[in-house]
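User: I would like to learn how to read burial, packing and backbone features from a model of this kind. Could you take me through them one at a time, giving the general idea before the case at hand?

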Amino acid sequence: MAAPTAKTGMRAWQRMLSGRRLDLLDPSPLDVEIIDIAHGLARVARWNGQTRGDHAYSVAQHSLLVEKIFSQLSGDATPDHALAALLHDAPEYVIGDMISPFKATLGDDYKSVEKRLQTAIHLRFSLPPDLSQKLKKAIKRADQIAAFYEATQLAGFEVPEAAKFFGRPRGMPPEGIAIAPQPPRLAQEAFLARFAEIELGRQG
């Protein structure tokens, strides 16, 4: 049993399978490992698990889809930009994927924890702590396009309803956006493989 922290009287860190202990109140980049991120995201369900298929549709798969859409839409994207897109939901390997209506009820408390984790993750992989507004907007657009196709293909949304919440996916037709939930192991391997490809490009 972990010792309580001085600030809260409760344990505020999580032990990862890599052996790292990540403090949620004060996360250190030194305690962030890509294997832990991939493992966690591959086991966190999007849409609260309310998706079609024999497996949950994971945040790891969502992250891969967002990065694919982002890279296709952003002709001048650098490997750093692609990595930022791939890691846009990385804090969820620790705090899980909460649907937007629930996030809204939590307000700033959730956002502050998410922000601290995202900053630590960015620093761990030599990305800016804060992305430019242009890059944030481009990643958000890819995120919303991915959400539209996930909603209509997996989560039971009709097209008009999905368009109301996520906007219509202009510039990204449905061809090539076939989404099939994978077992966690395959999603984890795919996430790690794409991370390795991007890292190779960053070193070139």
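User: Is serine 58 buried or exposed, and why?

Analyst: The general idea is to compare the relative accessible area with a cut-off, and buried means under 20%. In this predicted model, serine 58 counts as buried because its relative accessibility is 2%. Its place is in the loop between α1 (34-41) and α2 (59-73), and, once residues up to four places away in sequence are set aside, serine 58 touches Leu41, Ala42, Val44, Ala45, Arg46 and Ala187.

User: Which other residues of that loop can be read in this way, and what is the case for tryptophan 47?

Analyst: Tryptophan 47 also has its place in the loop between α1 and α2, and it is buried, because its relative accessible area is 16% and the cut-off for burial is 20%. Ring pairs link Trp47 with Phe157, Phe165 and Phe166 into a cluster. A separation in sequence can also be set beside one in space: tryptophan 47 and isoleucine 35 are twelve residues apart along the chain, and their C-alpha atoms are 23 Å apart. Asparagine 48 lies in the loop between α1 and α2 as well, but at 48% relative accessibility it counts as partly exposed.

User: What is there to read in the backbone of asparagine 48?

Analyst: The general idea is to look at the sign of phi and then at the residue type. Asparagine 48 has a positive phi of about 55°, although it is not a glycine. A second case is serine 126, where phi is near 60°, again a positive value in a residue other than glycine. Serine 126 is placed in the loop between α6 and α7, and it counts as exposed because its relative accessibility is 57%.

User: How many residues of α1 are buried, and which are they?

Analyst: For a helix, the general idea begins with its repeat: an α-helix has 3.6 residues a turn, so residues three or four places apart point the same way. Here α1 is mostly covered, with six of its eight residues buried. The buried residues are Ile34, Asp36, Ile37, Ala38, Gly40 and Leu41.

User: How many residues are in the largest nonpolar core, and which have the most contacts inside it?

Analyst: One reads a core by its members, then by the elements that supply them. The largest nonpolar core has 54 residues, and those with the most contacts inside it are Ile37, Leu87, Tyr93, Phe125 and Phe191. The elements giving two or more residues to this core are α1, α2, α3 (79-86), α4 (92-95), α6 (108-124), α7 (133-153), α8 (159-166) and α9 (184-203), and α7 gives the most, with nine residues. Phenylalanine 191, leaving aside its neighbours within four places in sequence, is in contact with Ile34, Ile37, Ala38, Leu41, Ala60, Ser63, Leu64, Leu86 and Leu87.

User: Is a charged residue such as glutamate 150 buried or exposed?

Analyst: Residue type alone does not settle the matter, and the accessible area has to be consulted. Glutamate 150, found in helix α7, is buried, because its relative accessible area is 0%. Not counting residues up to four places away in sequence, glutamate 150 touches Arg46, Trp47, Tyr57, His62, Leu65, Ala155 and Ile179. Glutamate 150 and isoleucine 179 are 29 residues apart along the chain, while their C-alpha atoms are separated by 7.2 Å.

User: At what angle do α2 and α3 pack, and which residues meet there?

Analyst: A helix pair is read from the axes, the handedness and the contacting residues. The axes of α2 and α3 are 8 Å apart and pack at an angle of about 145°, in a right-handed crossing. Ser63, Leu64, Val66, Glu67, Phe70 and Ser71 in α2 meet His81, Ala82, Ala85 and Leu86 in α3, and the residues of this contact divide into six nonpolar, three polar and one charged.

User: How many aromatic pairs are there, and what is the geometry of phenylalanine 148 and tyrosine 149?

Analyst: For ring pairs one reads the distance between centres together with the angle between planes. The count comes to six aromatic pairs. Phenylalanine 148 and tyrosine 149 form an edge-to-face pair, with 5.4 Å centre to centre and 85° between the planes, and both residues are buried.

Technical notes:
Residues numbered from 1 in each chain as written. Predicted model: local features only at pLDDT ≥ 70, side-chain atom pairs only at ≥ 80, totals over all residues. Heavy atoms only, no water. Helix = DSSP H or I, 4+ residues; strand = E, 2+ residues; numbered from the N terminus. Buried < 20%, exposed > 50% of the residue type's maximum accessible area, 1.4 Å probe, protein only. Contact = heavy atoms within 4.5 Å. Core = buried A, V, L, I, M, F, W, Y, C linked by side-chain atoms within 4.5 Å. Axes fitted to C-alpha atoms, helices over the stretch in contact; angles between N-to-C directions. Left-handed = near helix turned anticlockwise from the far one by under 90°. Nonpolar A, V, L, I, M, F, W, Y, C, P; charged D, E, K, R; others polar. Phe/Tyr/Trp six-rings, centres within 6.5 Å; stacked < 30°, edge-to-face > 60°.
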